[in-house]
Amino acid sequence: MYHEDDFQHRTRKERKFLETEATLPNIRKEPASDKRPTLSNDILSYLGPWNPFPKAITDKDTVWLLDNTAHRSADGQWQAEFVAAVFDQNSGVEISTVVADVAEKLGIGKGDLQEATIRERLMPFVQEILPGRVVQADFAQKPEVPDLKLGPGGRNGISSDIKPLPHFEGGAIVHTAAKVPRGANGVLQMKTVYAEPEGWGVISDIDDTIKVTQTSDPIGILRSTFIEQGTPIPGMPELYAYLQTLITSTSPFFYLSASPYNLYSFLSDFRQKHYPQGTMILRDASWMNLSGLLSNLTLGTEEYKVDRISKINSWLPRRRMICIGDSTQSDPEAYGQTYHKHPGWVHLILIRKVKDIAAIGIEAKNEPKRFEKAFAGVPKDVWHVFEDPQECYQILHNVMGK
């Protein structure tokens, strides 16, 4: 169960999150389209990477490879965490019924062109996950570099593997391609950014920090997720482009969101259009669970983010980190906790004060005492709250000049 803080409890109660979650389509787990899951496979899937009988990718599968960041191990060798997800191209669910249900909640009439967008965005939520799959991947597309074996995945269809990598210069961006049968689809290529141990780095929230999501409103979340094309917060793409020039183009960016992995393809496309290359870190707990989208974005976000940020720290403990977030959720508390948990690592915290959405309790979330409490013990020149991204240019210039 996710922990619910006072802000989250008040927002979810007054905006009727539970009522909305209860009326979302019940996407039942059905057998995959070719009845591949068997009882033995289901039991073996609990073993995750220790599954002794993994399955190869077939022409009926969808495979996602997620962009990542390479870092040096304790002995100075390059390595990176590779994350892959595998699921069935066919859902076993009557998708048109689910589309109609979501469209009705968003006030969209039958036959509206926006139904096609809803259908496309919904597919990763209704496709059957495929545990126990192994993905063969061609790293760097060089004959002398051995293929990577990713997986087998666990119960959620997701695998996570730490792999040693060949040498490339810091700042290099290396491509990897999934080796799959003709007919398999998905995000079949990924990028690995090589990050040396020292220098600057950026950790950025996504929802309502760089992308309009309306995380304080359940219908707003559904609309921004399933209909809208992904709207950047005004001024933030330009700010990030400027930030990248200050910290050099080789500095790693990490995009951290409480959104579920089901939205990786959508959010990755959004990031590519508007923001610097980087590793996107999302929650992995809600495959085949549409109502989980709302709970993921509104419950337990502080603990989740602190945990994932600590993983980034384990990769790059000597980097000087800039953390950017907003006031709608628990970014101030998560970044304040991170500052104390990893002394000397976080050098700047920027919090966007969100005032352009009609959110219950937004005034309390923007009160100075909330930020003072979240950043208790953090030097005043380290954390800053802003409304207009233009305010951040001089702050960044001053920090970079130290």
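This section describes the overall make-up of a predicted model, its aromatic contacts and one of its helices.

The secondary structure of the chain consists of 14 helices and 16 strands. Of the 402 residues in the chain, 56% are buried. The accessible surface of the chain comes to about 17300 Å², with carbon and sulfur atoms supplying 53% of that area. Among contacts between residues at least 6 apart in sequence, 77% join residues at least 24 apart.

In the whole structure, 14 aromatic pairs are found. One of them is formed by Trp 78 and Tyr 194, whose ring centres lie 4.7 Å apart; the pair is classed as edge-to-face because the ring planes stand at 65°, over the cut-off of 60 degrees. This pair links distant parts of the chain, with Trp 78 in strand S4 (residues 78-88) and Tyr 194 in strand S10 (residues 189-194), 116 residues apart. Both Trp 78 and Tyr 194 are buried. The two residues also belong to one aromatic cluster, together with Phe 82, Phe 139 and Phe 168. A further ring, that of Phe 266, has the charged end of Arg 121 over it, 4.0 Å from the ring centre.

Helix H10 comprises 15 residues (301-315) and spans 21 Å from its first C-alpha to its last, close to the 21 Å expected at 1.5 Å a residue. The buried residues of H10 are Thr 301, Tyr 304, Lys 305, Val 306, Arg 308, Ile 309, Ser 310, Ile 312, Asn 313 and Trp 315. Residues three or four places apart in an α-helix point the same way, because there are 3.6 residues a turn.

Note on methods
Residues are numbered from 1 along each chain as its sequence is written. This is a predicted model: local features need pLDDT of at least 70, side-chain atom pairs count only at pLDDT 80 or more; totals for chains, interfaces and linings use all residues. Side-chain values use heavy atoms; hydrogens and water are left out. Helices (H or I, at least four residues) and strands (E, at least two) are DSSP runs, numbered from the N terminus. The expected span of a helix is 1.5 Å times one less than its number of residues. Buried means under 20% relative accessible area, exposed over 50%, partly exposed in between (1.4 Å probe, protein chains only). Contact means heavy atoms within 4.5 Å. Accessible areas come from the Shrake-Rupley method with a 1.4 Å probe; for residues, only the protein chains shown count as cover. Rings of Phe, Tyr and Trp (its six-membered ring) pair if their centres lie within 6.5 Å; planes under 30 degrees apart count as stacked, over 60 as edge-to-face and the rest as tilted. A charge sits over a ring if NZ of Lys or CZ of Arg is within 6 Å of the ring centre and within 35 degrees of the ring normal.
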